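Biologist: I'd like to go through the ligand site and the empty spaces in this one. Can you pull it up?
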Amino acid sequence: MSTVSNIVSAATRASNSRSPYFSAEHEMLRAQARRFVESEIKPHGLAWEEQGYVPREVLRRMGALGFFGIRYPAAYGGSEMDALASVVLAEELGRSTFGGVAVTALVHSEMASIHIFNAGTEAQKDKWMPRVIAGEVITALAVTEPDAGSDVKGIRTRARRDGETYVLDGAKMFITNGVLADLYCVAAKVEGAAAGSKAVTMFLVEKGTPGFNVSRTLDKHGWRSSDTAELHFDGCRISAESRLGEEGHGFYAIMKNFQNERTIIGAMAMGEAQTAIDLTLDYLRTRKAFGAPLWEKQTIRQRLSMLAAKVEAGRQLVYHAAWLASQGIDATKEVSMVKAYCGELVNEVMYDCVQFHGGMGFMRESTIERMSRDARVQAIGGGTTEIMLEEVAKRL
Ligand SMILES: Cc1cc2nc3c(=O)[nH]c(=O)nc-3n(C[C@H](O)[C@H](O)[C@H](O)COP(=O)(O)OP(=O)(O)OC[C@H]3O[C@@H](n4cnc5c(N)ncnc54)[C@H](O)[C@@H]3O)c2cc1C
């Protein structure tokens with residue numbers, strides 16, 4: 001047997017996700033994440049949906065198991081794995097059927113704290129990364145505003161330099177972990193700096209800083225176990241040492257870190273889509289109509305088969321984009337394709353899977369009903385399908 005087929009068969013045994021990109025280490029992570037999902041998310045997910053957030057002790061447990069440090073240096077408590085490892089974690093959390101739980105964890109470990117790691121000074125990283133990785137400090141990323149989402153350079157939050165401090169004024173919208181986070185990576189424009197994107201700068205703001213408030217907890221269509229907030233900054237004074245990276249480098253940092261975020265959202269979406277197909281298959285095999293299981297109806301099984309083929313294609317595109325990133329190759333085109341394709345596909349899958357469940361698919365007691373609500377935002381958050389297609393178009 002060749003090396004590649006050895007690797008593929010090892011990966012297949014462990015996860016059914018055939019790909020030459022995965023090593024035994026990735027598959028160990030997959031098995032560990034899957035165990036965690038089965039034993040510590042699924043039994044409690046409904047209660048967390050009801051209360052609107054994931055309990056802090058669960059996040060600490062995830063930290064203790066190493067899920068928040070898979071990309072970060074061992075010196076901070078991380079395990080120094082690659083982008084494919086992040087994809088494995090996102091896929092498995094996506095398979096939990098609780099998108100809100102998945103996004104709570106992944107925003108912290110893959111989308112917000114990455115700003116500290118990539119742009120922070122040694123002092124900032126020494127101070128925060130060990131506690132971020134342990135799940136003791138939970139992070140949020142605050143870029144979107146009431147009047148600026150897709151158009152990041154249109155943000156209006158201002159940072160005025162005043163001696164050894166900055167004073168922040170403005171508002172942020174739709175911020176995941178916004179209510180319960182301890183530490184926020186906030187985008188603002190520095191007054192007096194160059195215009196547009198060249199003024200955008202990132203800052204670290206701690207919960208409890210005077211002038212910084214959670215103005216509203218937002219009530220959502222899906223992801224109900226994830227807390228989402230509107231934030232307000234009113235004369236919020238922070239030390240100049242809380243700036244993340246250079247003045248004016250924030251836009252670049254956001255765009256760079258978006259590449260990881262979008263790959264992760266794609267992986268999560270494909271985990272969700274695969275699980276929806278799996279549980280719909282179970283349903284079709286047992287539910288009878290006209291004297292036979294629904295699975296006997298050719299039209300239904302062919303439609304589900306086509307969805308399975310598309311999900312396989314989406315999943316392989318996610319793996320490939322992550323592999324390119326792990327090799328240090330620019331994958332903006334592929335990552336934008338991942339976000340556009342997987343964000344739409346997961347909704348196509350959910351639509352049909354609800355349909356195949358008949359009336360039960362519309363009932364709050366069915367898993368597919370929750371999954372269909374959770375999926376909707378995958379085509380919106382982290383870059384809408386339309387914006388992603390513009391990124392692809394520029395590179396065709
Ligand atoms: C549940 C949830 C969690 C989120 N979490 C976070 C978070 O943690 N941190 C954060 O900073 N943000 C977060 N967001 C914000 C999210 O990233 C934005 O909602 C998203 O980028 C879209 O921005 P918008 O809502 O302002 O829509 P808009 O930018 O107003 O877009 C509205 C519509 O117009 C389309 N459109 C806009 N421009 C163009 C164009 N040039 N061509 C064609 N169509 C266009 C869009 O595709 C969309 O369909 C979250 C959002 C949600 C819903």
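Biologist: How far is a backbone N or O atom of Gly-149 from an oxygen atom of the ligand?
Modeller: This is a predicted model, to start with. In it, the Gly-149 backbone places an N or O atom 3.3 Å from a ligand oxygen.
Biologist: And what's the distance for the backbone of Val-143?
Modeller: That one is 2.9 Å, again from a backbone N or O atom to an oxygen of the ligand.
Biologist: What about Gly-382?
Modeller: Its backbone has an N or O atom 3.2 Å from a ligand oxygen.
Biologist: OK. How much of the ligand's accessible area does the protein cover?
Modeller: The protein covers 62%. On its own, the ligand has 980 Å² of accessible area.
Biologist: How many residues surround the ligand, and which are the closest?
Modeller: There are 17 around the ligand. Thr-144, Ser-150, Phe-174, Thr-384 and Glu-386 are the closest.
Biologist: What's the class make-up of that shell?
Modeller: Eight residues are nonpolar, seven are polar and two are charged.
Biologist: Where does the ligand sit?
Modeller: In the largest pocket. Two elements give two or more residues to the shell around the ligand: β3, spanning 165–176, and α12, spanning 385–394.
Biologist: Which element gives the most to that shell?
Modeller: β3 does, with three residues.
Biologist: Let's turn to the pocket itself. What's its volume?
Modeller: The largest pocket comes to about 1,200 Å³.
Biologist: How many residues line it, and which lie nearest its centre?
Modeller: The lining has 48 residues. Thr-144, Ile-380, Gly-381, Gly-382 and Gly-383 lie nearest the centre.
Biologist: Which elements give two or more residues to that lining?
Modeller: α6 (99–119), β3, α8 (250–286), α11 (367–375) and α12. The largest share is from α8, with ten residues.
Biologist: How do the lining residues of the pocket divide by class?
Modeller: The split is 20 nonpolar, 15 polar and 13 charged.
Biologist: New topic. How many cavities of 30 Å³ or more do you count?
Modeller: One. The largest cavity has a volume of about 30 Å³.
Biologist: Which residues line the largest cavity?
Modeller: Thr-97, Phe-98, Gly-99, Glu-272, Met-350, Met-371, Asp-374 and Ala-375.
Biologist: Which element provides the largest share there?
Modeller: α11, with three residues.
Biologist: And how do the cavity's lining residues divide by class?
Modeller: Four are nonpolar, two are polar and two are charged.
Biologist: Good. Give me a quick recap of the ligand site.
Modeller: The ligand sits in the largest pocket. That pocket takes the largest share of its lining from α8, while β3 gives the most to the shell around the ligand.

Terms used. Residues are numbered from 1 along each chain as its sequence is written. This is a predicted model: local features need pLDDT of at least 70, side-chain atom pairs count only at pLDDT 80 or more; totals for chains, interfaces and linings use all residues. Side-chain values use heavy atoms; hydrogens and water are left out. A residue is near a molecule or strand if one of its heavy atoms lies within 4 Å of it. A polar contact is a pair of N or O atoms within 3.5 Å; within protein, one must be able to donate a hydrogen and the other to accept it, and residues adjacent in sequence count only if both atoms are side-chain atoms. Accessible areas come from the Shrake-Rupley method with a 1.4 Å probe; for residues, only the protein chains shown count as cover. On a 1 Å grid over the protein atoms alone, a cavity is a set of points where a 1.4 Å probe fits but cannot get out, and a pocket is an open set with protein on both sides within 12 Å along at least five of seven lines; lining residues have an atom within 4 Å of a point. A molecule sits in a cavity or pocket if more than half of its atoms lie within 2 Å of its grid points. Helices (H or I, at least four residues) and strands (E, at least two) are DSSP runs, numbered from the N terminus. Ala, Val, Leu, Ile, Met, Phe, Trp, Tyr, Cys and Pro count as nonpolar, Asp, Glu, Lys and Arg as charged, and the others, Gly among them, as polar. Grid points are joined across faces, edges and corners, and a volume is the space filled by probe spheres set on the points.
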